[in-house]
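Good morning, everyone, and thank you for making time for this. Please have the sequence and the picture open in front of you, and I will walk through the parts one after another.

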Amino acid sequence: MTAVSLRLRDHSYDVLIGPGVRTALAGVIRRLGAERAVVVSARPGEWVPDTGVQSLVLPAHDGEHDKTLGTVEALCGEFARFGLTRSDVVVSCGGGTTTDVVGLAAALYHRGVPVIHLPTSLLAQVDASVGGKTAVNLPAGKNLVGAYWQPSAVLCDTDYLSTLPRREMLSGLGEIARCHFIGAPDLRGLTLAEQITASVTLKARIVEADERDTGVRHLLNYGHTLGHALERATGYAVRHGEAVAIGTVFAGQLAGALGRIGQARVAEHFDVVRHYGLSAALPAEADTAALLRLMRHDKKALRGFTFVLDGPEGAALVSDVPPDVVASVLDRMPRTPVADLVASPGGARR
């Protein structure tokens, strides 16, 4: 087991990583002093550990289509019927969408109750469960309604990963791939557990420096501006990590077009993404005009088109990127039908 500590001014917690760490849940709850728990789980009952206290277990469904305010309202209603108080605890057990929804419900109910995350997907373990960002989607965009609510602990049990289909693993690897360009060492020669630990450590250090997204935390959005647009443009047929991987390759291409990096570094973006078995091709169904429109409404678009891009001093937030340059880079990227992208990740050539 490995522990990564995240220390903030008003709140600190540990992220435990390794096989079987979900069994630490009862001890964490005991240290919190909670007497009751609501467990919101998208996994079968045998994968939900004992809480050690009186508990209500609620079913959840991983996936963007349930990541709504309606789901948050329904959870809060169940919390109230159970009589949950601010001295009790909420536990999420599922992928990144479950982490986001349950985290937001915990942040809003009674203006905040403690929450513990048991992320069960690779994507959730390396990203969504750590850092305190919670959010749900609106028809107008992804993650537009949310709150900062740090968990009391995160238990990244690598045993959960044995249950994942290949596409779910690939989605998590998309987030690991983008770490290569925002300050992580080259993770390609490490074991999966080491890659998870390195990704969590990088995110913890960034969040410690900028909890509320006013500065360096924007680095974590590398590849996400186009990634979020691709998710919406395809009705979430392209999964988050898959979209971030494509967005990472695009970020390299755009940085090259703007003269921020040379062609060797541009090619490195493609090589890293391909190493993890992910595609670098845009979905053919997502036309350039639609992607431009969606990216223009990204919540991080401060002035015009805004991206986190590689540069001579590393990744940085770049605003007012000329629309014609963005469109030109998109038009030059390879395209493949969503069905082919899903069936054969990593198959696109430069």
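Before anything else, a word on pairing: two strands are said to pair if DSSP finds at least two bridges between them. Please also keep in mind that what you are looking at is a predicted model. With that in hand, consider strand β6, residues 115-119, and strand β9, residues 153-157, which run parallel and are joined by two bridges. One of the contacts across this pair can be named, since histidine 117 has valine 154 in β9 as its bridge partner.

These two strands belong to a wider arrangement, an open sheet of seven strands, and if you read across the sheet the order is β1-β2-β9-β6-β5-β3-β4, with mixed pairing. Which strands lie at the edges? They are β1, covering 2-7, and β4, covering 54-59, and each of these pairs on one side only. From one strand to the next, the twist averages 15°. As a general reminder, the strands of a sheet pair through backbone hydrogen bonds, and they may do so either parallel or antiparallel.

Now let us turn to the helices that lie against this sheet. Helix α1, residues 25-32, lies across β3, β5, β6 and β9, and its direction is at about 170° to that of β6. Helix α3, residues 96-108, also packs on the sheet, where it touches β3, β5 and β6, and its direction makes about 165° with that of β5.

It may help to look at one residue from each of these helices. Leucine 25 lies in helix α1, and is this residue buried or exposed? Its relative accessible area is 1%, and buried means under 20%, so leucine 25 is buried. If we leave aside its neighbours within four places in sequence, leucine 25 is in contact with Pro49, Asp50, Thr51, Val91, Ile116, Leu118 and Leu155. To give you a sense of distance, leucine 25 and glutamate 268 are 243 residues apart in sequence, and their C-alpha atoms are 40 Å apart in space.

From helix α3 I have chosen glycine 96, which counts as buried at 13% relative accessibility. Not counting residues up to four places away in sequence, glycine 96 touches Ser121, Ala124 and Ala128. Along the chain, glycine 96 and arginine 111 are 15 residues apart, and 22 Å separates their C-alpha atoms.

Next come the nonpolar cores. The largest nonpolar core has 72 residues, and the members that touch the most others are Val15, Phe250, Leu291, Met295, Phe307, Val326 and Leu330. Helix α8, residues 240-257, gives the most to this core, with eight residues. Apart from it lies another core, of 20 residues, which includes Val38, Phe82, Leu84 and Tyr109. Coming back to valine 15, and again setting aside neighbours within four places in sequence, we find contacts with Thr2, Ala3, Val4, Val130, Val154, Cys156 and Val200.

Helix α8 also brings us to helix packing. The axes of α7 and α8 are 7 Å apart, and the two helices pack at an angle of about 135°, and they are therefore oblique to each other. Their crossing is right-handed. Among the residues that meet here are His224 and Leu226 in α7, and Val244 and Phe250 in α8.

Helix α7, residues 224-233, has a second partner in helix α10, residues 288-296, where the axes come within 9 Å and cross at roughly 120°. That angle makes α7 oblique to α10, and the crossing of α7 and α10 is right-handed. The residues making the contact include Leu226 and Leu230 of α7, together with Leu291 and Met295 of α10.

Finally, let us look at a hairpin and at some backbone angles. Strand β11, residues 305-309, and strand β12, residues 316-321, run antiparallel and are joined by four bridges, with phenylalanine 305 standing opposite valine 321 in β12. The hairpin has six residues between the strands, and glycine 314 takes a positive phi near 100° in this hairpin.

Most residues other than glycine have a negative phi. Aspartate 320, in strand β12, is not a glycine but has a positive phi, near 55°, and at 47% relative accessibility this aspartate counts as partly exposed. Asparagine 143 likewise has a positive phi, of about 60°, although it is not a glycine. This asparagine has its place in strand β8, residues 141-148, and counts as buried at 15% relative accessibility.

Technical notes. Residues are numbered from 1 along each chain as its sequence is written. This is a predicted model: local features need pLDDT of at least 70, side-chain atom pairs count only at pLDDT 80 or more; totals for chains, interfaces and linings use all residues. Side-chain values use heavy atoms; hydrogens and water are left out. A nonpolar core is a set of buried Ala, Val, Leu, Ile, Met, Phe, Trp, Tyr and Cys residues joined through side-chain atoms within 4.5 Å. Buried means under 20% relative accessible area, exposed over 50%, partly exposed in between (1.4 Å probe, protein chains only). Contact means heavy atoms within 4.5 Å. Axes are lines fitted to C-alpha atoms, for helices over the stretch in contact, and angles run from 0 to 180 degrees between N-to-C directions. Angles under 35 degrees count as roughly parallel, over 145 as roughly antiparallel, 65 to 115 as roughly perpendicular and the rest as oblique. A crossing is left-handed if the near helix is turned anticlockwise from the far one by less than a right angle, and right-handed if clockwise.
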